[in-house]
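Thank you for making the time this morning. I would like to walk you through one model, beginning with its charged pairs and then moving to its interior.

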Amino acid sequence: MLIDDVVTHLSPQAERQQLTVVKELAADLPFIPADKDRIRQLIVNLVHNAIKFTSPGGRIVITSKAIDEAIVVDVSDTGMGIAKSDLPHIFERFYKGDRARSQEGTGMGLAIAKHIVEAHGGSIRVQSEEGKGSTFSFRLPVKSNLSEQS
């Protein structure tokens, strides 16, 4: 599964940050007609952000499940969270909420994630509270309206 590949790829970075990464993946998820490389990029962006914004000793949990003709994937962390005022803008291109952490990255990762999900007929959202972490959730329909082909 793509999530396993991404976690394996990013585990050295998580280990350097002294983070615990837990996968709670449903078995036998339905097939989604999707661009595998783009979905991998989506998952990498979300997991990488969780690693980047979680303090040493923190925890990241990645779950997958089938719900109502869709697959839902959650990436939750015990990181710094996102300010309430930043939440409406978090998926905008070049947006960086916390200026203290803005020296890293381009501000494109979450905008790209949103574009990938929407191109596959899905949706993405975030729940977060400052100081308590974030959960990014995306939903992809089993029957996709894939508008991008590679």
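**Salt bridges and core**

What we have on the screen is a predicted model, and in it the structure holds 5 salt bridges. I will go through three of them, including one that ties together separate parts of the chain.

Let me start with Lys23, which forms a salt bridge with Asp4, the closest N and O atoms lying 2.7 Å apart. This pair links distant parts of the chain, since Lys23 sits in strand 1, residues 20-25, while Asp4 belongs to helix 1, and the two are 19 residues apart. Are these two side chains buried or exposed? Lys23, at 36% relative accessibility, counts as partly exposed, and Asp4, with a relative accessible area of 27%, is partly exposed as well.

The next pair is within a helix: Glu118 forms a salt bridge with Lys114, and here the closest N and O atoms are 4.0 Å apart. Because Glu118 and Lys114 are 4 residues apart in helix 3, about one helical turn separates them. Glu118 is partly exposed, its relative accessible area being 47%, and Lys114 is partly exposed too, at 32%.

The third pair I want to show is Glu129 and Lys132, whose side chains meet in a salt bridge with an N to O distance of 3.6 Å. Glu129 is partly exposed, with a relative accessible area of 44%, whereas Lys132 reaches 59% and counts as exposed, because the cut-off for that class is over 50%.

Turning now to the interior, which residues of the largest nonpolar core touch the most other members? The core has 33 residues, and the ones with that role are Leu42, Ile43, Leu46, Val47, Ile62, Ile124 and Phe138. At least two residues of this core come from each of helix 1 (2-16), helix 2 (36-52), strand 2 (59-67), strand 3 (70-77), helix 3 (109-119), strand 4 (123-129) and strand 5 (133-141). Helix 2 gives the most to the core, with 7 residues.

I would like to finish with Ile62, one of the core residues just named. If we leave aside its neighbours within four places in sequence, Ile62 is in contact with Ile3, Val7, Val21, Val22, Lys23, Glu24, Leu25, Val47, Val73, Asp74 and Val75. Among them is Lys23, which we met earlier as the salt-bridge partner of Asp4, and also Val47, which is itself listed with the core residues that touch the most other members.

Methods:
Residues are numbered from 1 along each chain as its sequence is written. This is a predicted model: local features need pLDDT of at least 70, side-chain atom pairs count only at pLDDT 80 or more; totals for chains, interfaces and linings use all residues. Side-chain values use heavy atoms; hydrogens and water are left out. A nonpolar core is a set of buried Ala, Val, Leu, Ile, Met, Phe, Trp, Tyr and Cys residues joined through side-chain atoms within 4.5 Å. Buried means under 20% relative accessible area, exposed over 50%, partly exposed in between (1.4 Å probe, protein chains only). Contact means heavy atoms within 4.5 Å.
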